[in-house]
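Morning, everyone. Please have the viewer open. I'll keep this short.

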Amino acid sequence: MASTRASAVFWGGLALRRTSSNLISSVKLAAGLVLILLLARLTLSVALQLTASSALSLFLVGLLVLAVGTNLPEITLAFRAWRSHARDLSLGNIIGSAFANGLVVGVLAIMRPITLGRSPAFVTLTVATAVILVSFVWYAATGRRLTRREGLALVACYAVFVAVSFIVR
């Protein structure tokens, strides 16, 4: 018989209820992984249909549609954690997700080398990444915090990136 025990964890002023049961946790984990695999297959299918029925390239659909879609869980967690005053959890999730994307690219390159052409889309992505990196370094050097104005500047950078991606496609 599986034992269940409940306790509260306090993190950044947020009270989280923790219930543990090895069997129940294992079943939930397995079900979540199966669901992720099924939804990933569905997402890929829909993305391929979108590119077939429109003038959008695979790169552009991946860059704009799938990137936002795959980040929805991080976005949701970030907003919920931010509103619950668990800002370190939110920032850790965002930064960890960015590094995990680098891990994925690294594993893919190990499996099959990736050719990075000098297409307009790739140049746009490179410039946008550099602008955001420089922005974060600048903000950290000028006060070690991101203000509303600087947040708006980052949102504007994304809007310009999207617009330029459509123009140079």
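I'll go from the overall layout to the core, a pocket, a surface patch and two single residues.

Keep in mind that this is a predicted model. The protein chain has 169 residues. Five helices and two strands make up its elements. Start at the N terminus and read along: the order is β-β-α-α-α-α-α. So both strands come before the helices. How much of the chain is buried? Buried residues account for 13%.

Now the core. In general, nonpolar side chains in soluble globular proteins tend to be buried together. Here, the largest nonpolar core has five residues. They are L60, L63, L64, A128 and F161. Which helix gives the most to this core? That is α2, residues 58-83, with three residues.

Stay with α2 and look at the second largest pocket. Its space is about 230 Å³. Ten residues line this pocket, namely I36, L39, A40, T43, V65, L66, G69, T70, L72 and P73. Two helices, α1 and α2, each supply at least two residues of that lining. Helix α1 covers 22-52. Which one has the largest share? Again α2, with six residues of the lining.

Next, the loop after α2. H85 sits in the loop between α2 and α3, and α3 covers 87-111. Look at the backbone there. Most residues other than glycine have a negative phi. H85 is not a glycine, yet its phi is positive, about 65°. Is H85 buried or exposed? Its relative accessibility is 55%, so H85 counts as exposed, the cut-off being over 50%.

Move on into α3. D88 lies in this helix. D88 is exposed too, because its relative accessibility is 64%. Now take D88 together with A78. In sequence, the two are ten residues apart. In space, their C-alpha atoms are 9.7 Å apart.

Last, the surface. There is a nonpolar surface patch of about 770 Å². Its members are L103, V104, V105, V107, L108, M111, I114 and L116. Pick out V104, which is found in helix α3. How accessible is V104? Its relative accessible area is 44%, so V104 is partly exposed.

To recap, then. Helix α2 gives the most to the largest nonpolar core. The same helix, α2, has the largest share of the lining of the second largest pocket. H85 has the positive phi. And the nonpolar patch, V104 included, is on the surface. That's it from me; questions, please.

Definitions and conventions. Residues numbered from 1 in each chain as written. Predicted model: local features only at pLDDT ≥ 70, side-chain atom pairs only at ≥ 80, totals over all residues. Heavy atoms only, no water. Core = buried A, V, L, I, M, F, W, Y, C linked by side-chain atoms within 4.5 Å. Buried < 20%, exposed > 50% of the residue type's maximum accessible area, 1.4 Å probe, protein only. Helix = DSSP H or I, 4+ residues; strand = E, 2+ residues; numbered from the N terminus. Patch = residues over 30% accessible without salt bridge, like charges linked within 9 Å, V, L, I, M, F, W, Y side chains within 5 Å. Areas by Shrake-Rupley, 256 points an atom, 1.4 Å probe, with all protein chains shown as cover. Salt bridge = Lys/Arg side-chain N within 4 Å of Asp/Glu carboxyl O. 1 Å grid on protein atoms, 1.4 Å probe; cavity = no way out; pocket = protein on both sides within 12 Å on 5 of 7 lines; lining within 4 Å. Points joined across faces, edges and corners; volume = space filled by probe spheres on them.
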